[in-house]
Amino acid sequence: GGMIGGIDARRIAALRADEAEIFRRARPKSQARTGNGIAGFFGGVPMHWMTDWPTPFPILVDSARGATITDVDGNRLDDFCLGDTGSMFGHSPAPVARAIRRQAGRGLTYMLPSEDALAVGALLQERFSLPFWQIATTATDANRFALRVARAITGREKILVFNGCYHGSVDETMVRLVDGKPVNRPGLAGEFRDLTRGAKVVEFNDLGALRAALKDRDVACVITEPVLTNSCMVLPEPGFHEALRRLTRETGTSLLIDETHTISTGPGGYTKTHGLEPDLFVLGKPIAGGVAASVWGMSEETASRYAAYIRTKEPGYSGMGTTLSANPLQFSAMRATLEEVMTAENYARMDRLAALLERGLKAAIARNRLPWHVMRVGARVEFICAPGPLRDGAEAEAAHAPALEAAIHVALVNRGVLIAPFHNMMLVSPATTRAQIGRLVAAFGDVAAKLAA
Ligand code: PMP
């Protein structure tokens, strides 16, 4: 009973049931092959989140090209999920596909640099204005390694995260606030340590709490996204990033900016567009156009302090690296992505179409008098089924309406549109067309009208 996101819960349940039936009818082949679980995999899927989607069973994909996914039943979907940012530049961008084909005949991993590595080093320096880089395979790993550097150079154990953050499956970031108290994230499996001993957690946009948490000078590193994107989207308030930088500098705390999602802002990420000055910088997901790769960069000062630190250590395992990291396939794909895909022209187009999407969604919300709002960071757009803007992680958590979001998600799939599964996130790629934006806005308007009726 009751209302969820301004909508009667019974109406949401009825829509969900109707749409589930429509979904099933359109996908007999998917249902036959994934509906009872895929043999050989725990839980019936190779990655648990494939069953966490709100559809009755996973869509079995035949192929994806540009911003379109085709399933084995022949249904075409306008893809605004784009692998939750991994394929933010479209599926198989032509320059990346060419680079992969070329590298396929030249060896895939050899623990030695290729000529593409020479180009990528220079491209990263120029693009992100940091002098020293390392390559890893996931954003999770890049964050882990960068945090290790921060602890090494500060000689401090603790890190600080903002409530509602996500930085991948990095153990020490898996904390949150419950009623103002830091706790291990409740869903965390097999964790016996009290992670709050090594991590402080404060609310985003709360400079008083941040100042208090840093004043004892026992925090090695603040790790944050420029904008919180992993719950409902929360923008920094004016002056927040300046104060964050000032407070971290004053207390000798490293600042790690995780651009993995906010690279939607522009070719150099939110950092470049807004003039942030991180000591450590992380970017994963789309940096190699969909091939698993991530990069992490250090400022001049951080790098020289780390170099000095290493000289004091016995040689041995640093706790960084994985065997396949910095392989030539990653370099070929990264080079193609940086040189030919993450271009100013592509970003201008993404931004233009994302603004069109934002306007269309806002108009549909207003037309149907829904208490919802829309947020956008460049090519990344989100509708939130609660009033906004949201100020911090606690408000973002409270704004979630899982049952409503799930019903909308399935209803959009049935109207030919795929958005991200666990929040209402939509990405505009260079391959996304004006017609696709039009179809998403129309589908959203149709579902909104049904819910508001
Ligand atoms: N950082 C941020 C900001 C993320 O959103 C994510 C994943 N959603 C990660 C890091 C981790 O990326 P990966 O799962 O590819 O390691």
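**Exercise 1. Helix α6: enclosed or open?**

Task: Find out how much of α6 is buried, and compare the span of the helix with the expected one.

Solution. Start with burial: 13 of the 16 residues of α6 are buried, so the helix is largely enclosed by the rest of the structure. Here "buried" means that 20 or more other C-beta atoms lie within 10 Å of a residue's own, "exposed" means 12 or fewer, and "partly exposed" is in between, with C-beta atoms placed from the backbone. Helices (H or I, at least four residues) and strands (E, at least two) are DSSP runs, numbered from the N terminus.

Before going on, note that this is a predicted model, in which local features need pLDDT of at least 70, side-chain atom pairs count only at pLDDT 80 or more, and totals for chains, interfaces and linings use all residues. Residues are numbered from 1 along each chain as its sequence is written.

Next, the span. Helix α6 covers residues 139-154 and reaches 22 Å from its first C-alpha to its last, close to the expected 22 Å at 1.5 Å a residue. The expected span is 1.5 Å times one less than the number of residues. Finally, look just past the helix: Gly 155 follows α6 and has a positive phi, near 65°.

**Exercise 2. The two sides of α15**

Task: Which residues of α15 are buried, and which are exposed on the other side?

Solution. First locate the helix: α15 runs over residues 434-452 and reaches 27 Å between its first and last C-alpha, close to the 27 Å expected. Then list the buried residues of α15: Gln 436, Ile 437, Leu 440, Val 441, Ala 443, Phe 444, Val 447, Ala 448 and Leu 451. They cover an arc of only 165° around the axis, which puts them on the same side of α15. The arc is that of the directions from the helix axis to the C-beta atoms. A general rule helps here: an α-helix has 3.6 residues a turn, so residues three or four places apart point the same way. On the other side of α15, Arg 434 and Ala 435 are exposed.

**Exercise 3. What covers α11?**

Task: Find the elements that the buried residues of α11 pack against.

Solution. Begin with the count: 12 of the 14 residues of α11 are buried, so mark this helix as mostly covered. Among the buried ones are Leu 329, Phe 331, Met 334 and Leu 338. The buried residues of α11 pack against α4, α5 (115-128), β6 (132-136) and α12. Residues are in contact if their C-beta atoms, placed from the backbone, lie within 7 Å.

**Exercise 4. Where two domains meet**

Task: Describe the side of domain 1 that touches domain 2.

Solution. Take the bounds first: the domain assignment gives domain 1 (3-79 + 344-452) and domain 2 (94-341). Such bounds come from an automatic or database domain assignment. The centres of the two domains, taken over C-alpha atoms, are separated by 28 Å. The contact takes 23 residues from domain 1 and 23 residues from domain 2. On the side of domain 1, the elements giving two or more residues are α12 (344-367), β15 (373-377), β16 (380-384) and α13 (393-399). The largest share, five residues, comes from α13. By class, this side of domain 1 has 13 nonpolar, five polar and five charged residues. Ala, Val, Leu, Ile, Met, Phe, Trp, Tyr, Cys and Pro count as nonpolar, Asp, Glu, Lys and Arg as charged, and the others, Gly among them, as polar.

**Exercise 5. Around the ligand**

Task: Which residues come nearest to the ligand?

Solution. Of the 13 residues around the ligand, Thr 138, Ala 139, Thr 140, Gly 168 and Thr 260 come nearest. A residue is near a molecule or strand if its C-beta atom, placed from the backbone, lies within 6 Å of it. Now sort the shell by class: two nonpolar, eight polar and three charged residues.

**Exercise 6. Backbone details in loops**

Task: Is Asp 179 buried or exposed? Where do Ser 92 and Pro 389 lie?

Solution. Asp 179 sits in the loop between β8 and β9 (181-184). With 6 other C-beta atoms within 10 Å, Asp 179 is exposed. Its phi is positive, about 50°, although Asp 179 is not a glycine. Ser 92 is in the loop between β5 (76-79) and α4 (94-104), and has 17 other C-beta atoms within 10 Å, so Ser 92 is partly exposed. Pro 389 lies in the loop between β16 and α13, and the peptide bond from Gly 388 to Pro 389 is cis, with omega near 0°.

Key:
Contact = placed C-beta atoms within 7 Å.
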